[in-house]
Amino acid sequence: MQVLIDDLVIRYERTGNGPQLLLVHGWADSLSSFYEIQKTLSKNYDVTAIDLPGFGQSSQPREAWNLNNYANCLNKFTSKIKIKPYGLIGHSNGGAILINALANKDLTAQKLVLLGSAGIRDKNKAKKQTLKVVAKSGKALTSVLPSGIKNNIRQRFYGRIGSDLLIAPGMEETFKLVVDQDIRHEATKLNIPTLLIYGKNDTSTPVDYGQILESKIKGSTLKVLDNAEHFVHNDQPHQVEKLIKDFLE
């Protein structure tokens, strides 16, 4: 399914009946990340998963976006398709977007689930600053080359420093804005039952991010799953599904 939001084509999938849930994926991901969770939850809920602008099959914004822009887009999206979510589920950067959206009243809900949520930005601050400098340098160094050669070199360039820019071509400026936004202050504004699920072996958004958010969000509970990394809902799908179902009920 598709809907037009501010001249951007937004892809989404809506399945099931019951209380409404909205699923929001992470950076450089898509709604397909939630395929198993959506299939399970749609037995008891009306579940909508979205491809955020710039990812999956949705249009790329014409200018760089930050978390506020994405939160505002979700506000317009839910209004356009006429849903009022009972529960919100976000993975990684999707979790940071949902925290921002709830804090700034772009969205409201009765329950919140955060899967390996990002948004704690001053960890590895030096590395983040390096990524921004390198990204800018990489763009400058390849600016005079033919596009095919340019993209190949830049991919290897970013890949050597482990940058997520590699898997989101064209979204470099948005990436820099997003990683500059820390959502701890916004998290203190939330007063909503919240379930935090983190993988014990997650190195992208480690467990201490979850501990920080648990301390900031009133009414939150942290669950740490063994044998799981950043995509905790894919590494331990049955455990995650059970935790979410029990929490939502």
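Me: What is the strand order of the open sheet in this predicted model, and how are the strands paired?
Reply: The open sheet has eight strands in the order E1-E2-E4-E3-E5-E6-E7-E8, and the pairing is mixed.

Me: Why is one side of E1 and of E8 left without a neighbour in the sheet?
Reply: Strand E1 (2-5) and strand E8 (218-225) stand at the edges, and each has a single partner strand, so one side of each lacks a neighbour in the sheet. From one strand to the next, the twist averages 20°.

Me: What makes E5 and E6 count as paired strands?
Reply: Pairing needs at least two bridges. Five bridges join strand E5 (residues 87-91) to strand E6 (residues 111-115), so the two are paired. They run parallel. Leucine 88 stands opposite leucine 112 in E6.

Me: Which strands does helix H10 touch, and why can its direction be called roughly antiparallel to that of E7?
Reply: Helix H10 (residues 237-248) packs on the sheet and touches strand E3 (20-24), E5, E6, strand E7 (191-199) and E8. Its direction makes about 170° with that of E7. Angles over 145 degrees count as roughly antiparallel, so the term applies to H10 and E7.

Me: Why are H2 and H3 called roughly perpendicular?
Reply: Helix H2 (residues 67-80) and helix H3 (residues 93-103) pack at an angle of about 75°, with their axes 9 Å apart. The range for roughly perpendicular is 65 to 115 degrees, and H2 and H3 are therefore described that way. On H2 the contact includes Leu67, Tyr70 and Leu74, and on H3 it includes Ala96, Ile97 and Leu98.

Me: How do the residues of this contact of H2 with H3 divide by type?
Reply: Eight are nonpolar, three are polar and none is charged.

Notes:
Residues numbered from 1 in each chain as written. Predicted model: local features only at pLDDT ≥ 70, side-chain atom pairs only at ≥ 80, totals over all residues. Heavy atoms only, no water. Helix = DSSP H or I, 4+ residues; strand = E, 2+ residues; numbered from the N terminus. Axes fitted to C-alpha atoms, helices over the stretch in contact; angles between N-to-C directions. Contact = heavy atoms within 4.5 Å. Parallel < 35°, antiparallel > 145°, perpendicular 65-115°, else oblique. Nonpolar A, V, L, I, M, F, W, Y, C, P; charged D, E, K, R; others polar.
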